[in-house]
Amino acid sequence: MSADPPDFGHHVEAFRSHGYAHLRGALGSDELAALKEEVIDGLRRNYPWPPKPPAEASGYDGYYLPLMGATSPVSRSLLTDPRLLHLAERLLERRVLPKPAKGILYQDASAWHRDSADPNLDAVKMVIYFEPLEASSGALRVIPGSHRPDASEALARRRAEQPVGMPLDEEREDREWPGLVLSTEPSDILVFDVHLWHASLHGRGRLQWSVSYVAEPLTAAEQDSARSYIASFLTAGHAYDTVAFPYYDPAWLRPDRPGFADDMDRLGLFDHGGAS
């Protein structure tokens, strides 16, 4: 990945104001190609391939796989890259704990939602899409400013009044919810607050790499929230080879592990499984 872009400070300012930042051209072509190869290889080894698209939009269909094992060196390296960690620390204004990286094939659209409603969780998510995406092909849509508590809760009430149906009515989600389309190129990184409302409509087969970083928890409530968020993938019911694809990087269990791994261990995260 390239060094901090010249407008790095602008990204921090945008994140503070709008709840997201768009880092254009953040990945080099060789690194991007190697990361994409790891994602596709892992998914092919664990799920039916080529995948069959769903008959109708459900809002959740897809394949999910941790990329923290021996077969995913690029993914592991990118998660611990000082420049990603530095960005997360700048945005959250604290040391951070990573939620392990994943390769994902979204087979489906995604209705308007937020990744977390927990007021005690302070976290940021970073995503890379491996194909160019526009409004008609499932580009991420966001509601700027919806990470702020009042706005986020107002939209939660609206979601409760207008629940997601089955099948997902993408036209209604498009028409009746305000949103900004973030068209992306494969070298881009999208960064957003986990409380930000977002969606992906009218697209299928979106290949993604993602990682999240949680602000170092200082209170008991923050510790509970960090533990729950980071370990949530392990209880989501995803079926894959957990030996070949451990959730936690095995290097995080060694004595010479990164400092954040000590913090994660103290939270009891490695006792949740997914480490080998």
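**Group meeting: a walk through the predicted model**

Okay, let's start with helix H5, residues 149-161. It has 13 residues, and at 1.5 Å a residue that should give a span of 18 Å; the C-alpha atoms at its two ends sit 18 Å apart, so the expectation and the model agree. And yes, before anyone asks, this is a predicted model.

Now, which residues of H5 are buried? They are Ser152, Leu155, Ala156 and Arg159. If you look down the axis of H5, those buried residues fall within an arc of 110 degrees, so they line one face of the helix. Flip to the other side of H5 and you find Asp150, Arg157, Ala160 and Glu161, which are exposed. What covers the buried residues? The cover includes strand S4 (110-113) and helix H6 (170-176).

While we're here, follow the chain from H5 towards H6. Pro167 is in the loop between those two helices, and the peptide bond joining Met166 and Pro167 is cis, with omega about 5 degrees. There's another cis bond to look at, from Trp49 to Pro50, with omega near 0 degrees. Pro50 also belongs to a loop, this time between helix H2 (29-46) and strand S2 (62-66).

Let me zoom out for a minute. The protein chain has 8 helices and 10 strands. How does its radius of gyration fit with a compact globule? For 276 residues, a compact globule would come out near 19 Å, and the protein chain has 18 Å, so that agrees. Along its principal axes, the C-alpha trace spans about 55 × 40 × 40 Å.

As for what's inside, 51% of the 276 residues count as buried. On the outside, the chain exposes about 12100 Å², with carbon and sulfur atoms supplying 52% of that. And here's one about contacts: take those between residues at least 6 apart in sequence, and 85% of them join residues at least 24 apart.

Phe260 lets us see that kind of thing up close. Phe260 lies in helix H8, residues 259-266. Is Phe260 buried or exposed? Its relative accessibility is 8%, and the cut-off for buried is under 20%, so Phe260 counts as buried. Leaving out residues up to four places away in sequence, Phe260 touches Thr80, Leu85, Arg95, Val96, Leu97, Pro98 and Trp252. Take Arg95 from that list: Phe260 and Arg95 are 165 residues apart in sequence, yet 8.2 Å apart in space, C-alpha to C-alpha.

Last stop, some backbone angles. Glu93 is not a glycine, but it has a positive phi of about 55 degrees. You'll find Glu93 in the loop between helix H4 (82-92) and strand S3 (96-106). With 62% relative accessibility, Glu93 counts as exposed.

His202 also has a positive phi, about 70 degrees, and it isn't a glycine either. His202 sits in the loop between strand S9 (198-200) and strand S10 (206-215). What about its accessibility? That comes to 25%, so His202 counts as partly exposed.

If you open the model later, go back to H5 and find Leu155, one of its buried residues, then turn to the other side for Arg157, one of the exposed ones. That's it from me.

Notes:
Residues numbered from 1 in each chain as written. Predicted model: local features only at pLDDT ≥ 70, side-chain atom pairs only at ≥ 80, totals over all residues. Heavy atoms only, no water. Helix = DSSP H or I, 4+ residues; strand = E, 2+ residues; numbered from the N terminus. Buried < 20%, exposed > 50% of the residue type's maximum accessible area, 1.4 Å probe, protein only. Contact = heavy atoms within 4.5 Å. Expected span 1.5 Å × (residues − 1). Arc of directions from axis to C-beta. Rg over C-alpha atoms; globule rule 2.2 N^0.38 Å. Areas by Shrake-Rupley, 256 points an atom, 1.4 Å probe, with all protein chains shown as cover.
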